[in-house]
Every structure is written in C-alpha cells, then in structure tokens.
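Subject: Handing over the structure

Dear colleague,

Please find below the sequence and the structure that I promised to pass on to you. My notes on what was found follow directly after.

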Amino acid sequence: DLALNRSKSAGKGTVMLYEPGMEDEIVRRRALEIELGQAVANKEFEPFYQPIIDLPTGSVVGIEALVRWRHPRRGLVSPSEFIAVAESSGHIVEIGQIVLEKACLDASALAKPIQVSVNLSMVQLMRVDVPAMVADILARTALAPERLKLEITESVMMCDEARSRDLISRLRELGIWISLDDFGTGYSSLSYLRGFGFDEIKIDRSFVSALDQDPESLAIVQTIIALGRRLGLRVVAEGIETEFQANMIMACGCTRGQGYLFSEPVPFPALKALIEPSMVEAARVA
Ligand code: C2E
Ligand code: MG
Ligand code: MG
Ligand code: MG
C-alpha cells in the first residue's frame, strides 16, 4: 500500500497519522478521507517553499511550493502522509487548487521576479480542466505566465498519453513552463522526452544522494545532464544535502539544484526573508 509505505519512510519533522488501536487499514484510510474533507473546508493546507539555487553563485533563482497540512491537533503533516489518500479520494483536486492559487499569489508578492514551481497530480489533470483553472488563477493573482512552472511526474503520462500530450501543449500555450519531476524513477521512459515539450527535467533525489556511494549513480546523473543538454532542457538536481554532492553536480555541468544543504521547505515569510534580505536592510536604514 502506497500510503502506508510512504508513512514508514517519512522524513524528519513529519507527524505520523497512525494512532494505536486503529489497526484496521481500511478504517484508518476512511478516517483520513473524512478528515481531509474537513481540512479542505477549514483551509488547513498551505504551501511551504524550498529555494532553487544557482549553484555557482548560491543565489535563489526559483522556488518550489510543497504542500503542508496544518492539523489542529497533530501539527504540521507532510505530503507523504496524505497525498496518496487525497488522490484516491479526489480531495487532491481542491488541495491542488488551494496550493496553486496561494503559490501564485505569494510569487506575485516577491520583489524578485523568480519562477515558482507547483506540483501537479495526475488526478487533477484527468478530472478538471487544468489549463482553464491555471488561466483563471494567473488572471486573478496577476502573475506573469512565464513565472509559473508545473511539475509533473511520469506516472501522469502513463494513463492516457494522447490526452496528456494535448493538455501539456495547452498549458504551454498559456506561456507557463512544464517540468518532468523525479526523472529516472518510477515508470520512467525516455520516450516521454519526445514530443511532450517539457521545458525542464528534475533529477530524482535518489541519484543525487547516492553520488558519494556508487559509481552507477554518478554515471546516471552525468547521462541525465548530458541528455537534458542535448534536448535543450533545463536540468535541476533535487535533494542536495552535502557540499560534496553540490560540487559533483556542478562538475557534471548542472548549475541548478535544491536541497537541505541550502534550505528545507519554509513558510512564506521565512522564504521572503531568505531571498529579500537586502530589502529588510534597506527598510531598516530608511
Ligand atoms: P517532490 O516534488 O519530488 O518534492 C521534493 C521532496 O523532497 C519534498 O518532500 C522536499 O521537502 C524533499 N527534499 C528536498 N530537499 C531534500 C533533501 O535535501 N533531502 C531530503 N531527504 N529531502 C529533500 P515533501 O515536501 O515531503 O513532498 C513530497 C512529495 O509530495 C513531493 O515530491 C511531491 O511529489 C508531493 N507533493 C508535495 N506538495 C504537493 C502538492 O502541492 N501537490 C501534489 N500533487 N503533490 C505534492
Ligand atoms: Mg516536485
Ligand atoms: Mg521531485
Ligand atoms: Mg522526488
């Protein structure tokens, strides 16, 4: 079971939804579904942001929105605890819309015109008119289309390739960017790089974190970067935790990355302070 496996591997700072006595998985899942419905109504979801870094200079060139659930009793709940259930129950449609709208609003409030990346679920893409929703949100938040990037994983294309291709091209016609997330894992196939018109690929964290351990990961990372180059795509490395990994990524010719080495995902005010320190200084002087 995806949700349960993900719970077991959840990282630090996350809260488990498991409660003693609720042994039955179906009961637990049903309870979570009901809670998700209430949480949507109570607007308990908000994006945190992880900066995306230009590795040679260390400057912030983008941000990725990552949803968090501010649970009234359990505190901050990470997506690995609820995304899978939200996808099967359909709540991801509303959650995704909340996150997208807030992310566009926050990005438009930044002093620096950097891009904001938002994760898009296959369920959203298949159930609602995502291009119409995006156009509406861009208009309401006054964010320039080229500042929005949607991150899609390969499983999205799996279900209906022709429809996915059409939806992605409609999204790109709006002027937004499309990124292929977690590249190299899951149902990855090189054929997805053909004809979909991606603007970017993100090297999955599993390859980056193994850079110091096995030569295969290094060879894979080098190859993904070379492939991205040949196809004219931007390449971003995710999950950079050490200086060594950052240096290896740069040595392979990739200049963009994100990871705990630079910053964990943080709430919007903390992100603002992180990327606009000079503005705070200027305000202090004035
Ligand atoms: P993702 O899009 O691949 O996001 C990267 C994940 O790696 C995030 O986990 C991030 O916090 C984590 N991460 C970043 N740097 C490091 C690092 O240096 N080390 C380690 N160990 N982890 C790092 P998070 O926030 O728990 O999100 C997990 C996944 O949940 C995301 O993977 C994405 O697939 C999904 N997700 C998050 N927010 C949304 C959303 O708003 N909508 C949808 N549909 N999915 C979302
Ligand atoms: Mg992502
Ligand atoms: Mg990713
Ligand atoms: Mg990933």
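Asp136, at a relative accessibility of 37%, counts as partly exposed, and its side chain forms a salt bridge with Arg140 in which the closest N and O atoms are 2.8 Å apart. Because Asp136 and Arg140 are four residues apart in helix H6, about one helical turn separates them. Please keep in mind throughout that this is a predicted model.

Arg140 also takes part in a second pairing, since its side chain meets that of Glu101 in a salt bridge with an N to O distance of 2.5 Å. As Arg140 belongs to helix H6 (residues 130-141) and Glu101 to helix H4, this pair ties together parts of the chain that are 39 residues apart in sequence. Arg140 is partly exposed, with a relative accessible area of 46%, and Glu101 is likewise partly exposed, at 26%. Side chains of opposite charge can pair when their charged atoms come close. A search of the whole structure finds 14 salt bridges, and Glu35, Arg73 and Arg74 are linked in a network of such bridges.

Another salt bridge leads towards the metal site: Lys202 pairs with Glu151, the closest N and O atoms being 2.6 Å apart. Lys202 lies in strand E7 (residues 200-203) and Glu151 in strand E5, so that the pair ties together parts that are 51 residues apart in sequence. In contrast to the partly exposed Arg140, both Lys202 and Glu151 are buried.

Which residues coordinate the magnesium ion that is ligand 2? The donors are Glu64 (OE), Asn119 (OD1), Glu151 (OE) and Asp181 (OD), at 2.0 to 2.3 Å, and along the chain they follow the spacing E-x54-N-x31-E-x29-D. Within this set, Glu64 in strand E2 (residues 59-71) and Glu151 in strand E5 (residues 148-153) link distant parts of the chain, 87 residues apart, and both of these glutamates are buried. Asp181 has a further role in the geometry, as it bridges the magnesium ion (ligand 2) and the magnesium ion (ligand 3), which lie 3.6 Å apart.

Two of the magnesium donors, Asn119 and Asp181, appear again around ligand 1, where they are listed among the closest residues together with Arg68, Glu241 and Tyr260. In total, 22 residues surround ligand 1. As to individual polar contacts, a nitrogen atom of ligand 1 is 2.5 Å from an N or O atom in the side chain of Glu241, and a polar side-chain atom of Gln50 lies 3.0 Å from a nitrogen atom of the ligand. Tyr260 contributes through its backbone instead, with an N or O atom that lies 2.8 Å from an oxygen atom of ligand 1.

Finally, the nonpolar interior: the largest nonpolar core has 74 residues, and Leu148 and Leu150 are those with the most contacts inside it. Helix H4 (residues 92-108) supplies the largest share of this core, namely eight residues. Leaving aside its neighbours within four places in sequence, Leu150 is in contact with a number of residues, including Leu100, Val118, Leu120, Val134, Leu171 and Trp177.

With best regards

Key:
Residues are numbered from 1 along each chain as its sequence is written. Chains are lettered from A and ligands numbered from 1 in the order in which they are written. This is a predicted model: local features need pLDDT of at least 70, side-chain atom pairs count only at pLDDT 80 or more; totals for chains, interfaces and linings use all residues. Side-chain values use heavy atoms; hydrogens and water are left out. A nonpolar core is a set of buried Ala, Val, Leu, Ile, Met, Phe, Trp, Tyr and Cys residues joined through side-chain atoms within 4.5 Å. Buried means under 20% relative accessible area, exposed over 50%, partly exposed in between (1.4 Å probe, protein chains only). Helices (H or I, at least four residues) and strands (E, at least two) are DSSP runs, numbered from the N terminus. Contact means heavy atoms within 4.5 Å. Donors are N, O and S atoms within 2.8 Å of the metal (3.2 Å for Na, K and Ca); water is not among the atoms, so sites may look incomplete. A salt bridge is a side-chain nitrogen of Lys or Arg within 4 Å of a carboxyl oxygen of Asp or Glu. A residue is near a molecule or strand if one of its heavy atoms lies within 4 Å of it. A polar contact is a pair of N or O atoms within 3.5 Å; within protein, one must be able to donate a hydrogen and the other to accept it, and residues adjacent in sequence count only if both atoms are side-chain atoms.
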